[in-house]
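Please work through the following exercises with the structure at hand. Each task is followed by a solution in steps.

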Amino acid sequence: MKINVKAPAKINLSLDALYKRKDNYHELEMVMTTIDLADRLQLVLLEKDIIKLDVKAHFIPDDKRNLVYQAAALLKERFSVKQGVAITLDKSIPVAAGLAGGSSDAAAALKGLNQLWDLKLTLEELADLGAELGSDIPFCLYGGTALATGRGEIIEPLPMMPNCWIVLAKPSISVSTPGVYRDLRVGEVEHPNTAGMVQAIRDGSFEGICDNIGNVLETVTLAKHPEVKRIKEKMLEFGADTALMSGSGPTVFALVKQYSRAKRVYNGLRGFCEEVYLVRPWQEEK
C-alpha cells in the first residue's frame with residue numbers, strides 16, 4: 001500500500017505575543033493561512049516493524065531528529081502499531097524560513113499514517129498528538145486559514161482568505177526562533193489588531209487584510225538582520241499591496257492583488273534574493 005500526501009507551507013497574516021506564560025512559552029494570537037508551496041511525502045507500508053525516512057534534500061536529518069520520523073514513532077508507540085513504513089520526503093519549502101515546513105511535513109505524515117495504518121483517528125485527535133511534537137503542527141493539520149491561540153495549538157478555522165498573489169523571498173540567513181522570542185519585549189511593541197484581521201477574513205476583504213497585517217517578531221528580527229528589512233522595503237517599492245515577515249523570519253512575503261504587479265515584485269526581488277517564489281493561497285484539492 002502506498003499513499004502520497006502534500007504538506008503546504010504557511011504564512012502569518014498576523015502574529016501577536018501577549019505575555020510570557022509560566023511554562024516559559026508566550027501566549028500567542030496568530031492568523032495563519034496555507035499557501036500553494038508544498039513538500040511531498042510518499043508513505044509505503046512495510047510489514048517489518050521499522051521506520052525508514054529518505055529526505056530528498058541536503059542538510060536535513062533522516063533520523064529521530066526529523067519531525068516526520070518523530071510523528072511516525074509517536075503513532076507506533078501510542079497505538080502499538082507493529083507494521084512499519086518507508087517515507088520519502090521531497091522538499092520544496094525553504095528550510096528554517098518561518099514557513100512551518102518541518103511542522104507541515106509532520107502533519108502530513110500524521111494524516112498519511114492514520115490512513116496507512118488504519119488508525120481511524122479524528123482530525124482533533126491527530127491535532128492533540130501533533131501538539132506534543134510542535135506548536136505549529138495542529139494548524140498544519142487543519143490547513144486553510146485559522147486563528148491560532150495558546151502556544152499556537154488551539155485552532156479556530158476561518159473562511160479561506162481572498163484570492164491574491166503571494167511573493168515569498170527568503171534571504172540566505174538563518175534565524176533562531178527561541179532567540180527571537182527571548183529578545184522580544186511584549187510591553188514595548190505595537191501589537192497587531194488580531195480581531196480586525198479575523199473580521200477582514202470573515203468579510204473576504206483583501207483591503208482589510210492589508211490594513212490589519214502585523215507581526216510583533218519583526219521588531220526583533222528586522223533590527224538584527226537589516227537584509228530582511230531591505231527585502232520588505234523593496235517589495236513595497238516594487239508595488240506590493242502589503243508586505244510582512246512570516247513567523248520569526250527570515251522569509252518575507254508580499255500580498256498583491258494584480259498578477260502583473262506580483263510579477264513585477266517577483267522579478268525585482270530576484271536581484272536581491274536567491275530564493276523567490278510566486279504562489280497563491282492554498283486551494284484544497286477535491
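**Exercise 1: The surroundings of K20**

Leaving aside neighbours within four places in sequence, K20 is in contact (heavy atoms within 4.5 Å) with Y25 and H26. The structure is a predicted model, in which local features need pLDDT of at least 70 and side-chain atom pairs count only at pLDDT 80 or more, while totals for chains, interfaces and linings use all residues. Residues are numbered from 1 along each chain as its sequence is written, and side-chain values use heavy atoms, with hydrogens and water left out.

Task: State in which strand K20 has its place, and how many Å separate its C-alpha atom from that of V186.

Solution. Step 1: K20 belongs to strand β1; strands (E, at least two residues) and helices (H or I, at least four) are DSSP runs, numbered from the N terminus. Step 2: K20 and V186 are 166 residues apart along the chain, and their C-alpha atoms are separated by 8.4 Å. Step 3: In the loop between β1 and β2 lies N24, a residue other than glycine whose phi is positive, near 75 degrees.

**Exercise 2: Two domains and their interface**

Task: Describe how domain 1 and domain 2 meet, beginning with the residues in contact.

Solution. Step 1: The domain assignment, which is automatic or from a database, gives domain 1 as 2-158 and domain 2 as 165-279. Their centres, taken over C-alpha atoms, are 23 Å apart. Step 2: In the contacts, 28 residues of domain 1 meet 30 residues of domain 2. Step 3: The size of an interface is often given as the accessible area lost when the parts come together. Here the two domains bury about 2300 Å² between them (accessible area lost, 1.4 Å probe, summed over both), with 67% of it on carbon and sulfur atoms.

Step 4: The rule finds one salt bridge across this interface, a salt bridge being a side-chain nitrogen of Lys or Arg within 4 Å of a carboxyl oxygen of Asp or Glu. E156 forms a salt bridge with R202, and the closest N and O atoms are 2.9 Å apart. Step 5: On the side of domain 1 that touches domain 2, the elements giving two or more residues are β1 (2-20), β2 (26-46), β5 (145-150) and β6 (154-158). Of these, β1 gives the most, with 10 residues.

**Exercise 3: An aromatic pair and a cis bond**

Task: Explain why the pair of F238 and F272 is tilted, and identify the residues joined by a cis peptide bond.

Solution. Step 1: A search of the whole structure finds two aromatic pairs. Rings of Phe, Tyr and Trp (its six-membered ring) pair if their centres lie within 6.5 Å; planes under 30 degrees apart count as stacked, over 60 as edge-to-face and the rest as tilted. Step 2: The ring centres of F238 and F272 are 6.2 Å apart and the planes stand at 50 degrees, so the pair is tilted. Step 3: The peptide bond from G249 to P250 is cis, with omega near 5 degrees. P250 is placed in the loop between β9 and β10 (252-256).
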